Amino acid sequence: MKAAISKTYGGPEVVTLGTLARPEPGKGEILVRVAAAGVTTADWRLRAAAFPGAISAVAGRLMFGICAPRNPVLGSDFAGRVEALGPGVTGFALGERVFGFRFGGAHAEFMTVKAAGAVTKTPDSLTDAQAAALPFGGLCALEFLDRFAQLKPGERVLVVGASGGVGAYAVQVARALGAIVTGVASGESLPFVESLGADHVVDYRQTDPAKLTGPYDVVFDTVGALDYTRAAPMLAKGGRFAPLNFGLGDVWKGRKARRNGHAQILKVNGDTKEGLDRLVELIAAGQLRPVIDTVYPFDEIRAAHAKVETRRRKGAIVLEIGATATIG
């Protein structure tokens, strides 16, 4: 099978398309023929060893490979069809359309996924590209806003990076939860953020997000623009600050947050079948839609990585996985 392989850390040029043996599903697994896959911020950071913060950089290499990626095939968001069933699998049928999230392995023509993991049936209303654009950003936004921050109807939320791969879903999820949403993005992206349902928008090139006064019940920073010290003045009493990017140094700021009557949320979201099903419910209710910036053919995966690394996009970056792709 064709697969995108990264044998060393570096820029987009380290990604090449090669041939690997097709995996076979083990007990409790399904084999998915991948039709589309996302290229996310996580893929960029793992490919380049661009882990935020000095301490995180050391920990990242220990976890994912000291001198080279331990798993050479990246990609977590996927959509496709069930090609084979492992022993003991129920609830899925051959040829059925599915989508989901599995850490690593989606940038290939085939991948195995635990049937009990983060995989579910693809709604007929979605294309494979749309389904592959959902899990990374959608699950992250849902977990942070609903589960971690426990956002309530009528609360005020600030989404920093509101046009990005996570932010574009955070705006929609916050609205679905009944919140009043302010989205921060570049000036040219503000109409897009408003189209997602934001009540208010802020151009970060004109206004430093740290100078906003709010008060906000939740500040969700998806791009690493703030830390608790900068976010504190804009938080209401009982306010919660949730950054996606943080280092070990941020842990100590949690004590200061508690003294100020705030909460700092330093968590990593999980990825579950239940979360995917919740996203499907929001789509069926008209409260959520997939957001795609660009769809690239598989043989332009380097361009997809380069686009993600610019951090200038409106929604997800998606690959169409094709059998004829060749580069490198």
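Q: Which residue stands opposite Glu320 in S15?
A: In this predicted model, Pro297 stands opposite Glu320.

Q: What makes S14 and S15 a strand pair?
A: Two strands pair if DSSP finds at least two bridges between them. Strand S14 (residues 292-297) shares 5 bridges with S15, in the parallel sense, so the two count as paired.

Q: How do you know that S3 and S15 pair too, and in which sense?
A: The same cut-off of at least two bridges applies. Strand S3 (residues 29-39) and S15 have 4 bridges, so they pair, here in the antiparallel sense. Across this pairing, Gly38 stands opposite Val318 in S15.

Q: What links up with S14 and S15 to make a β-α-β unit, and of which hand?
A: Helix H10 (residues 301-310) does, and the unit is right-handed. That word is used because the path from the first strand over the helix to the second runs clockwise with the strands pointing away from the viewer.

Q: Why is strand S15 called mostly covered?
A: Buried means under 20% relative accessible area. In S15 (residues 316-320), 4 of the 5 residues are buried, so the strand is mostly covered.

Q: Which residues touch the most other members of the largest nonpolar core?
A: Among its 51 residues, they are Leu145, Leu151, Val157, Val171 and Leu288. Helix H4 (residues 135-148) gives the most to this core, with 7 residues. Apart from it lies another core of 28 residues, including Phe92 and Leu319.

Q: What is Leu288 in contact with, leaving aside its neighbours within four places in sequence?
A: Its partners include Leu134, Tyr169, Val173 and Ile283. Each counts as a contact because heavy atoms lie within 4.5 Å.

Methods: Residues are numbered from 1 along each chain as its sequence is written. This is a predicted model: local features need pLDDT of at least 70, side-chain atom pairs count only at pLDDT 80 or more; totals for chains, interfaces and linings use all residues. Side-chain values use heavy atoms; hydrogens and water are left out. A nonpolar core is a set of buried Ala, Val, Leu, Ile, Met, Phe, Trp, Tyr and Cys residues joined through side-chain atoms within 4.5 Å. Buried means under 20% relative accessible area, exposed over 50%, partly exposed in between (1.4 Å probe, protein chains only).
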